[in-house]
Amino acid sequence: MTDRTDETDDTHRPGDQPEQHRVTDGGVTAAPGREGAIPEEDTNVTEVFPEGNLDLRAGADNCYKCTTCDTSCPVAEVDEEFPGPKFQGPEQWRLKRKEDADIDGSIMSCSNCMRCDSACPSDVPLSQMHNEARGEYVDDQMDALSTEYVRNRILSNYRTSAELASKVPQLANFAMNFGPARWVMEKVLGVTKEREFPEFAEQTFREWWRERGGAHVQSSEKRIAYFHGCYSNYNTPEVAKAMVRVFEHFGYEILVPPQKCSGTPMFANGMLDDARRDAETNVENLASAIADGADVIASCTSCSLSLRQEYPELFDIDGVEDVSDNTFEAVEYLRIYEDLEGELADAELDGQSFGYHGPCHARNQGLHRQAVELFRDVDGVRVEDVGDSCSGISGTYGWKEEKYDTSMKIGEEMFEHMKHAEGEAGMTECPTCAMQMEHGTGYDIYHPLELLEDALVD
Amino acid sequence: MAIESDVLVVGGGLAGMTSAVAAARAGADVRLVSHKKTSLRQASGLIDALGYVPERSSPAGQSEYISQERKDFREVRSNRGEYKGPLVSPYDEFGELPDDHPYSLVGEEALREGLSLFDELLGDAYAGGHTDQNALVPTFGGAVKPTARYPRSVAAGLASENRSMLVVGFRSFTEFDARMVADTLDAAGVPFDVAGAEVRYAETFPADAKVTRFAKALDHDEHIDGTPARRALAEAVEPHVGDAERVGFPALLGDENTREVRAELGDRLGGDVFEIPMGPPSLLGLRLEDRLYAALDDEGVQYETGNPVVGYETADGAPDRLGSVLVDRKGREVPYAADTFVLATGGLVGKGLGSDRNAVQEPVFGCHVPQPEDRYDWFVDDAFGDHAYARLGVEPSKAMRPLDAGGDPEFANLYAAGAVVGGADVAREKSASGVSLATGIIAGREAARTDREPTTDSNTTEIRR
């Protein structure tokens, strides 16, 4: 693969110290009080453990071992060897305070679904602890020449491969699903040959956006900056176009700032250096759009969760809080600021039924009911919730040869429920969940924005 | 301003869901917001209504708080206000409850209605509705709990039946000691023969495998070490069954397909198979949570989990009316407007009540929480004694409106339900679910009233604590 260091060198700002930007570097200053840290002067806290870069002590202390997180973990449910989020988070954090303690390799089996976060009754920052541990494991204990490392690096830097492929989409579509090539990829890189690679679009969203001449609506009152992410740019520009048409229908001026990967696949693979590099670009450009009066909108729920939660938890970058506070998922935003239900009251669709799967990362943001509730009273469409199980793919997780079976086992319940649901189409906000839904059922999968476009835009 | 509803319920536990359904059935457009997954997954899955009542003479009936001095533990215990029970029926001793107990405020009828709403929502997944009597359910420590409703899967295990019983545990599942359960039941003088057996099952699982892992393996009848899970379990248990007519397992017999798992094990073992409720994290609680959320969907209630309510705004020009609550959506505080609001955020454990070294507060609306001024009076030395903190909570009117220190409603359009309401020591009384159901149905229904002047609420001053 290509060397990726060049494209990012220019995004470092002068203030960055190399040792500071390693792994995690100061979520506490970026997010005061996020874990409810007790101000020093209010207590006489004895320094029991030497601190790492992130102050996770308060979070670890909040855990009272109720084990609720473990029951919400989709991996522990199918893999008895996986010690579960309580171990990966607070327990491992304590073990690590001993200098000679290594991070347990099982951290790489965590799929980063982050369900433990919304299960914890005590606000333990579990996913933040997992991210830190995974980053440390990859940096200190994983061999940078190993197949696993190289494979994970390639998978988590999907944007780089996608950018290349999108220059020659037809060739890429052929080559990526060419049998012998896939056999080699599995043997050499450990990328499962069971899955079909997503197709690359003939024209990326950004190419389309330039060709159409950018925004068709100008407004100083209603303005949004669109974080399209990689997938709707390279693979499903129809989602991005739907987003543009729906928001323009409501009179929004749309900005499409320069951007890189949201970091989701990098967090899941412990590639925090890569994630930080892209985060710097994203935060800089999005913060400047916010300064121009825009709110940030994502159409992928993992992208929005990353900007909202993981960025401020892991990175101390200028403007990171600003971006977190002003980022929304697209449908969420319209439900808050527009009379979406009123607009839909007279809409009519042509008799379709969808099995809706709520992505884990949408659940964390309180969004997993929005599609079902929104279309409940719309004529000519039925959106049925197929239950609260995890789809099992968790981004790059289900692409790994050794994780494929686990991934499909987790997904089994969702596939069954989809088949029981009315109709033969699926719906979700997450592009990799969509991949898994399609893979397990053969259905076509849609984004709620596409349905909104059908209902509202001529 | 787009997020609006007639009624907004804050809190997604049993009380919140009950009030949401009650309000929806009264014709209101209802939205429910919950910060985290419900605490039902930490509860047994049993629906207890009232199992024990304090003696009239015990301190629970009075609001005098006596500062405790350190005393000898035995002396403390000998002075513990004994509770009467287990009660044959939860309704028997309603009259014995203190005047400020939620049951005393809402009355027996509210509990009956709450339980019958629960029966309707759960259908045949739960049993117990055929009688007013409490059922006696053995739990994982071998104690027997009086409860009003119980999952169908525990039905064959009732301690009031006299069929002989085998209790089964696995070496690989360290949280459950079958022989201890059997011994404890036997020592309590249950009217049947009971034996415990520890069998070899899923030995390839490490000792810390999760309860959900065991359930999933049985759900999908996975092969464990080459044998389908259900068959493997039946074969391990079979040699121990002997004359036992019913066989009890820790509650992990499947999740999605639990009925099928139980039936297959029953066929193979030739007896009734039942589950014994476990401590947290509880599969019976998880199943109840799933069913109740599905019920919300069926009733047309809109709900979301994942974001906390962090504050409120009063209505324009009416400082005594709530206009909206503020939901923190990962940084942006978004107002959710409604005509009326229900506070169902839970008690000290559920974090519906907060505390520091100086005071116990209700953090969302800052409702008045009556409490002893000296924090040493919040508790007594006896761990299982009559702690004041166990009964702390907002003080409600008969219509479940939280009252301020002067005895007037905190807000004209705020109601409260469940553990955030004070006056009940639900752990000692075995009344947690019943209090949630009874107060939930009143709060939900009152919140849905369109005339907005609750007529039952005229006598607020007489019921002040």
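**Aromatic clusters and charged pairs**

Ring pairs join A:F247, A:Y252, A:F328, A:Y333 and A:Y337 into a cluster. The model in which this cluster appears is a predicted one. Over all chains, the count of aromatic pairs comes to 28. One of them is formed by A:F247 and A:Y333, whose ring centres are 6.3 Å apart and whose planes meet at 25°, so the pair is stacked. This contact links distant parts of the chain, since A:F247 belongs to helix α14 (residues 237–249) of chain A and A:Y333 to helix α19 (residues 330–337) of chain A, 86 residues apart. A:F247 is buried, at 0% relative accessible area, and A:Y333 is likewise buried, at 6%.

A:Y333 also pairs with A:Y337; here the ring centres lie 4.8 Å apart and the planes stand at 50°, so this pair is tilted. Both tyrosines, A:Y333 and A:Y337, lie in helix α19 of chain A, four residues apart, which is about one turn of the helix. A:Y337 has a relative accessible area of 32% and is partly exposed. Another member of the cluster, A:Y252, has the charged end of A:K222 over its ring, 4.8 Å from the centre. A further contact of a charged residue with a ring is found where A:R97 lies over the face of A:W93, 4.1 Å from the ring centre.

The discussion now turns to charged pairs. Side chains of opposite charge can pair when their charged atoms come close. The structure holds 60 salt bridges over all chains. In one of these, the side chains of A:K96 and A:E136 meet at 3.7 Å, N to O. A:K96 is in helix α5 (residues 84–96) of chain A and A:E136 in helix α7 (residues 126–140) of chain A, so the salt bridge ties together parts that are 40 residues apart in sequence. A:K96 is buried, with 12% relative accessible area, whereas A:E136 is partly exposed at 26%.

Other salt bridges lie within a single helix. A:R276 and A:E280 meet at 3.0 Å, N to O, and are four residues apart in helix α16 (residues 272–291) of chain A, a separation of about one helical turn. A:R276 is buried at 2% relative accessible area, and A:E280 is buried at 0%. In chain B, the side chains of B:E108 and B:R112 form a salt bridge of 2.9 Å, N to O. These two residues also stand four apart, about one turn, in helix α4 (residues 108–122) of chain B. Finally, salt bridges that share partners join A:R335, A:E341, A:R369, A:E373, A:R376, A:D385 and B:D297 into one network.

Conventions: Residues numbered from 1 in each chain as written. Chains lettered and ligands numbered in written order. Predicted model: local features only at pLDDT ≥ 70, side-chain atom pairs only at ≥ 80, totals over all residues. Heavy atoms only, no water. Salt bridge = Lys/Arg side-chain N within 4 Å of Asp/Glu carboxyl O. Buried < 20%, exposed > 50% of the residue type's maximum accessible area, 1.4 Å probe, protein only. Phe/Tyr/Trp six-rings, centres within 6.5 Å; stacked < 30°, edge-to-face > 60°. Lys NZ or Arg CZ within 6 Å of the ring centre and 35° of its normal.
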